[in-house]
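Me: I have a structure to go through with you. I will ask why things are called what they are called.

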Amino acid sequence: MGCLQSSGGKEPEELRPRDEEAEGSDEEIPRATSSGYIVPTAVDEVEVVNEEHGAHEVPVESLPAYWTNRRVHGEASGKLCQHFDQMVCVSEAGRQAIRELVRGTYRPLVTQDRPCPKEPACPKTPAGCPCVKPDGTPGLPTEYVVRRVIRVEDSEMWTRYAQKRSQIRERRAHRMPLRGLEPELFTSQVVATNPGSYDSLDTGLNEVYLWHGTHVRTGLAIAQHDFNLEFAGSGAGGMLGSGIYFAESCTKADEYATDEPGGYYEGIFGMLLCRVTMGSMFYTTQRRADAAEQVESGKFDSTVGDRMKFHNTFREFVVYDSDQVYPEYVVLYSRAYKADDAAALQLEASRNPFHLQLPVYWNNFHANPDSDVFRVQYKVREQTRALLQHLVTGSFLHPAAEGPEILDVRRVEFSNMWSIYMDFRRQVQSRGAVCMPVNELDGKAETGHTLTHNLMKELSAEDCVSLENLDVTVNEALLWHGTSPELAEKMCRGAGLHAHKESMHGSRFGKGTYFSEGLGKCLEYCTEDANGAVYVLLCRAVCGDIFYTEDEESPKAHSLARAEGKDSILANPGGVGPREYVLLQRCQAYPEFILRIKPPPAAELVPEAVAEEPAAEAAEEGLGGCLPVAEAVAEPPAEHERFWSSSTG
Ligand SMILES: [Zn+2]
């Protein structure tokens with residue numbers, strides 16, 4: 001049981017806290033760890049930001065067809081959709097289209113702009129120093145391995161881009177179609193054959209897809225905040241004036257890409273794939289510092305610096321107005337060299353995409369939680385709330401009840417709590433063994449997956465709660481935690497789950513923090529606020545190596561689990577549930593969403609109603625396999641009564 005490869009007893013001492021620590025205390029979260037981040041102390045003040053901004057709206061049909069936000073709002077012509085600004089993790093099919101574009105635009109060429117990787121570095125050498133030439137060591141990267149692709153869906157940035165494009169179209173109307181490129185752009189063909197990933201372009205206006213290489217974190221920041229001319233010209237030396245530089249070859253863009261040595265993104269490079277309206281192009285084969293003036297004069301909209309024609313290197317593309325650019329994709333990748341087995345790396349990357357440091361839909365997703373302090377709660381926008389409502393309803397799965405209704409939901413973005421949580425995740429990951437998955441522990445491989453996981457898969461809610469960012473190899477899951485309103489608030493203001501000592505949690509399976517995948521179980525731990533609402537937390541939890549028990553009760557379970565070197569307990573009473581997860585350390589969970597919900601009327605929960613037979617249907621729908629059924633049928637009525645009578649009486 002547990003880890004496929006035993007890791008018991010090998011961890012450093014601090015990974016195994018003494019028993020009393022798991023019990024929790026009122027002390028501040030310990031100032032852990034390897035990364036040395038700053039621990040804010042006050043837990044009472046917190047900024048709450050409303051994610052629904054103003055009245056800005058966009059016509060649905062102006063958006064690229066494959067955007068999540070267009071899909072969600074339907075195809076109706078003339079329909080407006082509300083402001084959105086979010087990052088979406090691209091699925092494996094979409095990553096495949098990006099891989100194709102990377103492959104199709106790779107050229108084994110080196111210029112003086114490729115930095116020497118050695119210490120000390122060679123001076124800048126025309127046509128590149130010996131270390132980065134294809135026959136050098138390590139040589140020129142032979143392939144770029146796509147690790148993660150993020151699509152930027154930002155209605156405001158998109159509107160600015162579309163408006164600028166219209167302006168240029170009007171200005172050049174008398175000359176349409178504009179003169180294009182000879183030979184054809186590297187990206188054109190791949191783009192034209194993948195309409196599911198790349199929007200159709202206004203080729204008469206020289207609208208194109210181009211690469212922009214940069215520091216990995218700058219790439220993420222641009223995706224979040226738009227191009228800013230303060231980033232511009234950096235690394236390109238301003239050969240064609242001060243503007244934003246692009247390449248048609250990923251090899252050229254890679255010359256300007258840098259990773260984060262010693263940081264989270266070490267070995268991970270960033271490139272943006274941008275839509276660019278080139279319009280009328282000022283074409284030159286020379287170094288032209290006055291190129292910007294040529295464009296400002298109104299005669300041209302952009303510059304092409306052609307070093308391919310006479311120098312057999314690359315063409316570069318420059319615009320001087322950030323509204324002519326829409327950074328649509330962020331591509332995170334690693335480099336493969338001739339000494340590497342590139343095919344093996346590509347295969348591994350397609351199976352296990354790289355995990356971002358922060359969830360992709362967070363406002364702070366580009367920040368470094370180890371050094372940038374952020375402590376904000378976001379009142380989520382309507383779309384996120386609707387998806388979470390589905391999750392709530394699906395997690396409840398009660399045959400006779402409509403399920404609880406969300407009254408209010410906030411997303412918690414706290415750098416300090418996140419860093420502590422991620423430190424734990426890294427520790428488990430560094431054991432180098434895949435943890436025995438939940439569905440194999442109870443011998444029901446087909447149906448025993450975490451309920452929340454199954455629901456999220458169905459909802460395809462990547463833009464709201466990311467499954468892509470959960471590491472299943474360490475049994476990371478989304479789980480519910482129910483508690484009192486006061487404690488829920490306290491936990492989400494920086495205290496973390498360690499506040500649980502004061503919570504109502506019993507000790508049926510010993511000391512630890514209790515979670516569930518079904519909401520029914522979770523509600524048993526809640527108490528109502530003055531208005532009859534209850535608070536539940538939707539947490540990310542790293543269960544790690546799991547101690548499995550089918551006992552009805554086992555107060556010593558935590559000691560047994562510790563003795564076996566486990567991180568958590570999965571209690572599945574009688575093999576039929578409802579299952580409970582007991583995490584032994586408080587750093588194992590992060591309270592990501594705090595939900596205030598209106599519980600269903602107690603009358604709907606009388607035991608007779610519970611005994612109806614929705615079991616077969618629920619299982620066939622694949623909603624949660626055996627679990628919701630088990631929960632619905634085997635929930636001890638006495639406990640329901642206890643909760644519901646206390647909450648309504
Ligand atoms: Zn060198």
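Me: Is D199 buried or exposed, and how do you know?

Reply: First, a caution: this is a predicted model. D199 has a relative accessibility of 17%. Buried means under 20%. The value falls under that cut-off, so D199 counts as buried.

Me: What makes the contact of D199 and R275 a salt bridge?

Reply: The N to O distance between their side chains is 3.2 Å. The rule asks for a Lys or Arg side-chain nitrogen within 4 Å of an Asp or Glu carboxyl oxygen. The pair meets that rule, so D199 and R275 form a salt bridge. D199 sits in the loop between α5 and β6, and R275 in strand β8, so the bridge ties together parts 76 residues apart in sequence.

Me: Which residue does R275 also pair with, at 3.9 Å?

Reply: That residue is E328. The distance of 3.9 Å is between the closest N and O atoms. The limit is within 4 Å, so this pair counts as a salt bridge. R275 lies in strand β8 and E328 in strand β12, 53 residues apart. Both residues are buried. For R275 the relative accessible area is 0%, so the cut-off of under 20% is met.

Me: Which residues are joined into one network by salt bridges that share partners?

Reply: They are R165, D199, E207, R275 and E328. R275 shows the sharing: it pairs with D199 and with E328.

Me: How many salt bridges does the rule give in total?

Reply: The count comes to 35. One of them joins K164 and D321, at 3.0 Å from N to O. K164 is in helix α4, while D321 is in the loop between β11 and β12, 157 residues apart.

Me: How are K164 and D321 classed by accessibility?

Reply: K164 is at 14%, under the 20% cut-off, so K164 is buried. D321 is at 23%. Partly exposed runs between under 20% and over 50%, so D321 is partly exposed.

Me: Now the metal. Why is the arrangement around the zinc ion called tetrahedral?

Reply: The donors are the SG atoms of C116, C122, C129 and C131, at 2.2 to 2.3 Å. The angles between the 4 donor atoms are 103 to 115°. Four donors count as tetrahedral if all angles lie between 85 and 135 degrees. The angles fit that range, so the arrangement is tetrahedral. In sequence the donor residues follow the spacing C-x5-C-x6-C-x1-C.

Me: Are C116 and C122 buried or partly exposed?

Reply: C116 has a relative accessible area of 14%, so C116 is buried. C122 has 31%, so C122 is partly exposed.

Me: How do you know that helix α3 spans what is expected?

Reply: Helix α3 has 14 residues. From its first C-alpha to its last it reaches 20 Å, close to the expected 20 Å at 1.5 Å a residue. Its buried residues include R95, I98 and L101.

Me: Which residues are closest to the centre of the largest pocket?

Reply: The largest pocket has a volume of about 1,200 Å³. Of its 44 lining residues, R95, R148, P353, H355 and E468 are the closest to the centre. Several elements each supply at least two lining residues, among them α3, β5 and β12.

Terms used: Residues numbered from 1 in each chain as written. Predicted model: local features only at pLDDT ≥ 70, side-chain atom pairs only at ≥ 80, totals over all residues. Heavy atoms only, no water. Donors = N, O, S within 2.8 Å, 3.2 Å for Na, K, Ca; no water. Tetrahedral: all angles 85-135°; square planar, octahedral: opposite > 155°, others 65-115°. Buried < 20%, exposed > 50% of the residue type's maximum accessible area, 1.4 Å probe, protein only. Helix = DSSP H or I, 4+ residues; strand = E, 2+ residues; numbered from the N terminus. Expected span 1.5 Å × (residues − 1). 1 Å grid on protein atoms, 1.4 Å probe; cavity = no way out; pocket = protein on both sides within 12 Å on 5 of 7 lines; lining within 4 Å. Points joined across faces, edges and corners; volume = space filled by probe spheres on them.
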